[in-house]
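Hi everyone, thanks for coming. I'd like to walk you through one structure today, so please have the viewer open.

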Amino acid sequence: PLGLVWLRRDLRLHDNAALHAALRACDKVALAFVFDRDILDPLLQRGLQADRRVEFILAAVAEIDAALREHGAALIVRHASAREAIPALAAELGAQTVFCGRDDEPEALARDAAVERALRQDGRALRTVKEHMIFERDEVLTAQGKPYSVFTPYRTAWLARYAAQPQQPVDSAVTSARLAALPAALRQPLPTLSELGFAPSNLHALKLPLGASGAAALVDDFSRRIDDYDQARDYPARKGPSYLSVHLRFGTVSVRELVAMAWARQQAGSEGARVWLSELVWRDFYFQILFHHPHVVNAAFKPVYDRIQWRNDPAQFAAWCEGRTGYPLVDAAMRQINQTGYMHNRLRMVVASFLTKDLGIDWRWGERYFADHLNDFDLAANNGGWQWAASSGCDAQPYFRIFNPVAQSEKFDAGGDFIRRYVPELAQFASKDIHAPWKAPAALLQAAGVRLGSTYPVPIVRHDLARAETLERYAVVKAQ
Ligand code: FAD
């Protein structure tokens, strides 16, 4: 029989669980990717013509296509609604089964259910396999058989299960003999960005390593820094984290390989590897939260937090989005996401706290902004991160613990190097003055060439007043 492998968020040929399953079950396999109009058209309608992610995917898909062409095959690429394109393609190829990696986002589940129904009506089947997680769904439960909503005990259980059942990389190597011969109509060149309706972004100018080969280069680089991760990860001016998130998002790297690497290093006593592994456990944690509690997509994990009356000032929201709040670290962070599609984890916490607790803006506004601008946007992690910062989520930051944006800046960007990189108009300030320019004496401002309110904004809120207002605003949850 012939199996059709539908690639989605697993854009690589090695250690690919869906491909592995297809190769085990079928004599011949064909591989397809759909630029899904149900996902892309709404981006275009929201004005996101230049989306780095579309280019990132295109590069990853091109690498796969090139590898398959070396074997005399090709990647079949469609620009259509996947709900229709996949059943139609299975029929065209005569594939009995479509294999794909499981995706537990609510919209993905609905899409896959529709595809499965259409395939079944035609006498075919959809087989989904665990792909981008180590443990999914019900694989890590409490002793009472319930999903965890607190991270630390979840991690303990996760690590115990991994020790007992390490999730090894799988063999998914393809050979020419195993790849289905495709008619010319299915061996078309890849669509171009403009054929997909998108305009070029600055992705290529950023020189991010792309595709599975780019991911491998990043892994190689990070494997030489992982032991320092625990020391370096919190300082945005330092090269501390792995920068693998976009590759994990689109599966140009395998999470099984990464966890195996971190596990081995942790066993050898690396504290950096232990802490980094914990971050990958957070990733699984939020995926299972989303699976078990899909209401979090639109509402607070803890419903009482939906009673909060947000201030939602559109002008302040615009200032936050554009990096002109007058708080240098917040502005540097927002300019980082706008210019690169990446934001350091510490800064994601700082700007999310600032939006919800200093500006009193609904966390969903910030979540949506991140969803539109992060290269690594992943519904589960993004929603979890925002609800953590807004204190409305599982295992959240208590609402009365409010980040002070100046103290965060002094602690995590003490030398001001990160601020200088993204807020050049403050570059002449000395390290100790750069965190709160409005406190600087006039002579110092003049020496640094800064005119507050003209070359750089005055703060749009006073943190101490905002903090007091937030405590009042959040008091509605206290009675519970
Ligand atoms: P590293 O520090 O090298 O971490 C390695 C990997 O662990 C990451 O690539 C990621 O897959 C995972 N990871 C790390 N921290 C977390 C976390 N808190 N939750 C879940 N997984 C984690 N991460 C996303 O992948 N997509 C998002 O849309 C996203 N939105 C966020 C929004 C907010 C408000 C916050 C506070 C965090 C968010 N994160 C998100 C988590 C985290 O900030 C990023 O994963 C991380 O900054 C990516 O950089 P890195 O790959 O260099 O991270």
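**Domains, ligand and two helices**

The protein chain splits into three parts: domain 1 (1–131), domain 2 (132–168 + 212–292) and domain 3 (303–477). Please keep in mind as we go that this is a predicted model.

Let's begin with how domain 2 and domain 3 meet. Taken over C-alpha atoms, the centres of domain 2 and domain 3 are 27 Å apart. Their contact draws on 16 residues from domain 2 and 19 residues from domain 3. If you colour the side of domain 2 that touches domain 3, you'll find that H10 and H12 each supply at least two residues of it. H12 gives the largest share of that side, with 5 residues. For those of you thinking about chemistry, that side of domain 2 has 11 nonpolar, 2 polar and 3 charged residues.

Now for the ligand. Where does the ligand lie with respect to domain 2 and domain 3? It lies between them, because both domains give residues to the shell around it. There are 28 residues around the ligand, and those that come nearest are Pro241, Ser242, Ser245, Asn382 and Gly385. Sorted by class, the shell has 15 nonpolar, 6 polar and 7 charged residues.

Which helices each supply at least two residues of that shell? They are helix H10 (245–250), helix H12 (271–292), helix H15 (345–358) and helix H17 (379–390). The largest share, 6 residues, comes from H17.

So let's zoom in on H17. Its 12 residues should span 16 Å at 1.5 Å a residue, and the end C-alpha atoms are indeed 16 Å apart, which agrees. Is H17 mostly covered or mostly exposed? Mostly covered: 12 of its 12 residues are buried. Among the buried residues are Asn382 and Gly385, and you'll remember both from the residues that come nearest to the ligand. The buried stretch also includes Trp386 and Trp388. As for what does the covering, H12, H15 and helix H16 (363–373) are included. Just past the end of H17, Ser391 takes a positive phi of about 70°.

H15 is another of the helices that supply the shell. H15 has 14 residues and reaches 19 Å from its first C-alpha to its last, close to the 20 Å expected at 1.5 Å a residue. H15 is mostly covered as well, with 13 of its 14 residues buried. Just after H15, Gly360 takes a positive phi of about 65°.

Let me turn to the N-terminal part. UniProt, in an unreviewed entry, places the feature "domain: Photolyase/cryptochrome alpha/beta" at residues 1–134. In the model, that span is 49% helix and 22% strand, and its end C-alpha atoms lie 29 Å apart.

One last stop is Phe198. You'll find Phe198 in the loop between helix H6 (151–164) and helix H7 (203–206). Why does Phe198 count as buried? Because 22 other C-beta atoms lie within 10 Å, and the cut-off for buried is 20 or more. Leaving out residues up to four places away in sequence, Phe198 touches Gln49, Ala50, Asp51, Val54 and Leu193. To place Phe198 on the wider map, Pro294 is 96 residues away in sequence and 31 Å away in space, C-alpha to C-alpha.

That's my tour, and I'm happy to take questions.

Terms used. Residues are numbered from 1 along each chain as its sequence is written. This is a predicted model: local features need pLDDT of at least 70, side-chain atom pairs count only at pLDDT 80 or more; totals for chains, interfaces and linings use all residues. Helices (H or I, at least four residues) and strands (E, at least two) are DSSP runs, numbered from the N terminus. Two residues are in contact if their C-beta atoms, placed from the backbone, lie within 7 Å. UniProt positions are given in the numbering used here, feature names are shortened, and annotations may be inferred rather than shown by experiment. A residue is near a molecule or strand if its C-beta atom, placed from the backbone, lies within 6 Å of it. Ala, Val, Leu, Ile, Met, Phe, Trp, Tyr, Cys and Pro count as nonpolar, Asp, Glu, Lys and Arg as charged, and the others, Gly among them, as polar. Domain bounds come from an automatic or database domain assignment. The expected span of a helix is 1.5 Å times one less than its number of residues.
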